[in-house]
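Open the model in your viewer and keep the selection tool at hand. The tour goes stop by stop.

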Amino acid sequence: MNITKLFNLRFSCQSYKQLEVKDEDIEKILNDAVLAPSTNNRQPWTFAVIKNIELKNKIASMLNDKGNEQSNKAFIKTANAIKEAPTLICVFNKIVNDESISIIQSIGACIENMLLSATELGLSSLWIRATSCIEKEIEQLLDKEDEHLMACITLGYANELVHEKNRHNVKSLTKWYR
Ligand SMILES: Cc1cc2nc3c(=O)[nH]c(=O)nc-3n(C[C@H](O)[C@H](O)[C@H](O)COP(=O)(O)O)c2cc1C
């Protein structure tokens, strides 16, 4: 697919059909993820693929509780997206003593690859940072206490239409030096 078309088709999807995502599609997405550039090719990422409904609902429920506790509607909305999506992928930084900008940028590149790869397969996704408020609980739940949770990604078939892109005009953001 044309790359610009892919960029436009990707959107943050909050509502999913109750349709399973094929393991081979998830494998393709992860293989595309690790093609991302990383600082000194350190490849700091690891992944946890959660298809288990109980485990996924537990994470959604912990985030929903935090949302209620802190009156944070965004947490509650994100928790609902996790509950609806058939698959959740958690992305970790395995280099515990280094959370430099370079490492964070590398993991960001890897996540963007995942989202675009998913879009090409006809899947929708949501990049989630809200789960950081329960990162220790998730690390413990997934037996990943020696790594650090960076983000979670929902994956599934959208139960909503592609959102219009709402972006600032590039001209207003750019200074050229010719
Ligand atoms: C680092 C990062 C963290 C995000 N965290 C959340 C989140 O916790 N919950 C959520 O609903 N959306 C989250 N998003 C999605 C953004 O809100 C979304 O990308 C933005 O509004 C632009 O919309 P679009 O993705 O549909 O183009 C996150 C996006 C990024 C890049």
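**Stop one: Val162.** Select Val162. This residue is partly exposed, at 43% relative accessible area (buried means under 20%, exposed over 50%, partly exposed in between, with a 1.4 Å probe and protein chains only). Val162 sits in the loop between β4 (148-156) and α7 (170-173). Helices here are DSSP runs of H or I with at least four residues, strands are runs of E with at least two, and both are numbered from the N terminus.

Before moving on, two notes on the model. It is predicted: local features need pLDDT of at least 70, side-chain atom pairs count only at pLDDT 80 or more, and totals for chains, interfaces and linings use all residues. Residues are numbered from 1 along each chain as its sequence is written, and side-chain values use heavy atoms, with hydrogens and water left out.

**Stop two: the ligand.** Select the ligand and show the residues near it (a heavy atom within 4 Å). You should see Arg10, Phe11, Ser12, Gln14, Thr78, Leu126, Trp127, Ile128, Arg129, Ala130, Lys165 and Arg167. Which strand gives the most to this shell? Strand β3 (residues 124-128) does, with 3 residues. By type, the shell holds 5 nonpolar, 3 polar and 4 charged residues. Nonpolar covers Ala, Val, Leu, Ile, Met, Phe, Trp, Tyr, Cys and Pro; charged covers Asp, Glu, Lys and Arg; the others, Gly among them, are polar.

Now turn on distances. Polar contacts are pairs of N or O atoms within 3.5 Å; within protein, one must be able to donate a hydrogen and the other to accept it, and residues adjacent in sequence count only if both atoms are side-chain atoms.

- Ser12: a polar side-chain atom is 2.6 Å from a ligand oxygen.
- Thr78: a polar side-chain atom is 2.9 Å from a ligand nitrogen.
- Trp127: a polar backbone atom is 3.0 Å from a ligand nitrogen.

On its own the ligand has 630 Å² of accessible area, and the protein covers 60% of that. Areas come from the Shrake-Rupley method with a 1.4 Å probe; for residues, only the protein chains shown count as cover.

**Stop three: Ser38.** Go to the loop between α2 (23-33) and β1 (45-50); Ser38 is there. Is Ser38 buried or exposed? Ser38 is buried, at 15% relative accessible area. A polar atom of its side chain lies 3.2 Å from the backbone nitrogen of Arg42.

**Stop four: Phe75.** Select helix α4 (residues 73-84) and pick out Phe75. Phe75 counts as buried, with 12% relative accessibility. Finally, add Lys22: its C-alpha is 28 Å from that of Phe75, and the two are 53 residues apart along the chain.
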